Each structure stands twice: as structure tokens, then as C-alpha cells.
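Student: I'm new to this structure and would like a close look at a single part of it. Please pick one and walk me through it slowly, along with whatever surrounds it.

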Amino acid sequence: MFTIDIIVKYTSAPFSVQRKLAEDAETVYQQVLESIRSGNPQVIELTCEKMPEKKIAILASEISGVQISQKSGAAATGRPPGFVALTQ
């Protein structure tokens, strides 16, 4: 299972959706990147393959980061890898 985490400005927790295949996860990742790069105030709507009833809609101009990670049985520690919140 692949997780796509999306960090939104001024939000402490990432929004996440999951895909079963690496190709599908890469497609979602590229979709989010293209939306960020376009600079248009468009809404990105995503669903989750693991929980089909889970839907999120995010304003592309508010996204500050996106990452793909693969969930493995050994890495079930409770915190997703990659994003760190720094405070002063």
C-alpha cells in the first residue's frame, strides 16, 4: 500500500490518501504537483483506495508539500516518515 501525504499551509497534520499500486500513487503525486505548479486557485479532489468513503478536497494554492511512502509491516510506528514540523 502506498500513501500520498499532502501538507497544507497552517495545518499541523498531513492529509493522506492511499493507493494499492505504485503507478497509481505516482499518478496522484504528479496530479498534485501539476496543480501546485499551475498556480491557479483550483480544488483537487482525492479519494482513498483503502477507505473508499474517505474523500478530501484541497485548494491547490494552499499545498506546501507532497510525498509518497510505502507502508510496510516493519514501519508501523505511528508517525509517517518524511515531514517534520519545526518550531522556534
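**A close look at helix α1**

Tutor: Let's start with the whole chain: of its 88 residues, 31% are buried. "Buried" here means under 20% relative accessible area, "exposed" means over 50%, and "partly exposed" is what lies in between, with a 1.4 Å probe and protein chains only. Before we go on, keep in mind that this is a predicted model, where local features need pLDDT of at least 70 and side-chain atom pairs count only at pLDDT 80 or more, while totals for chains, interfaces and linings use all residues. Residues are numbered from 1 along each chain as its sequence is written, and side-chain values use heavy atoms, with hydrogens and water left out.

The chain has one helix and five strands, and in sequence order they go β-β-α-β-β-β. Helices (H or I, at least four residues) and strands (E, at least two) are DSSP runs, numbered from the N terminus. The helix, α1, is the part I'd pick.

Helix α1 covers residues 22-38. From its first C-alpha to its last, α1 spans 24 Å with 17 residues, close to the 24 Å expected at 1.5 Å a residue. That expected span is 1.5 Å times one less than the number of residues.

Now, which residues of α1 are buried? They are A25, V28, V32, L33 and S35. Looking down the axis of α1, you'd find these buried residues within an arc of 160 degrees, so they line one face of the helix. The arc is taken from the directions that run from the helix axis to the C-beta atoms. Turned away from that buried side is a face with the exposed residues E23, T27 and R37.

What covers the buried residues of α1? The cover includes β1, β2, β3 (43-47) and β5 (63-70). Two of these come before the helix: β1 (residues 2-8) pairs with β2 in the antiparallel sense over five bridges, and T3 stands opposite Q18 in β2. Strands count as paired if DSSP finds at least two bridges between them. Strand β2 (residues 15-19) is largely enclosed by the rest of the structure, because four of its five residues are buried. The hairpin of β1 and β2 has six residues between the strands. Y10 lies in that loop and has a positive phi of about 65 degrees although it is not a glycine. With 82% relative accessibility, Y10 is exposed.

On the way from β2 to α1 you pass K20, which sits in the loop between them. K20 is exposed, at a relative accessible area of 54%. Leaving aside residues up to four places away in sequence, K20 touches M1, F2 and E49; a contact means heavy atoms within 4.5 Å. K20 and E49 are 29 residues apart in sequence, but their C-alpha atoms are 7.0 Å apart in space.

Back in the helix, have a look at Q31. Q31 is partly exposed, with a relative accessible area of 36%. Again leaving aside residues up to four places away in sequence, Q31 touches I44, E45 and L46. Between the C-alpha atoms of Q31 and I44 there are 8.6 Å, with 13 residues separating the two along the chain.

I44 leads us on to another pairing. β3 and β4 run antiparallel and are joined by five bridges, and I44 stands opposite I58 in β4. Along β4 (residues 55-59), I56 and I58 point to one face and are buried, whereas K55, A57 and L59 point to the other and are not. In a regular strand, side chains alternate between the two faces of the sheet.

Finally, go to the far end of α1. The side chains of E34 and R37 meet there in a salt bridge (3.4 Å, N to O), and a search of the whole structure finds one salt bridge. That term means a side-chain nitrogen of Lys or Arg within 4 Å of a carboxyl oxygen of Asp or Glu. E34 and R37 are about one helical turn apart, because three residues separate their positions in α1. E34 is partly exposed at 46% relative accessibility, while R37 is exposed at 58%. Just after the helix, G39 takes a positive phi of about 75 degrees.
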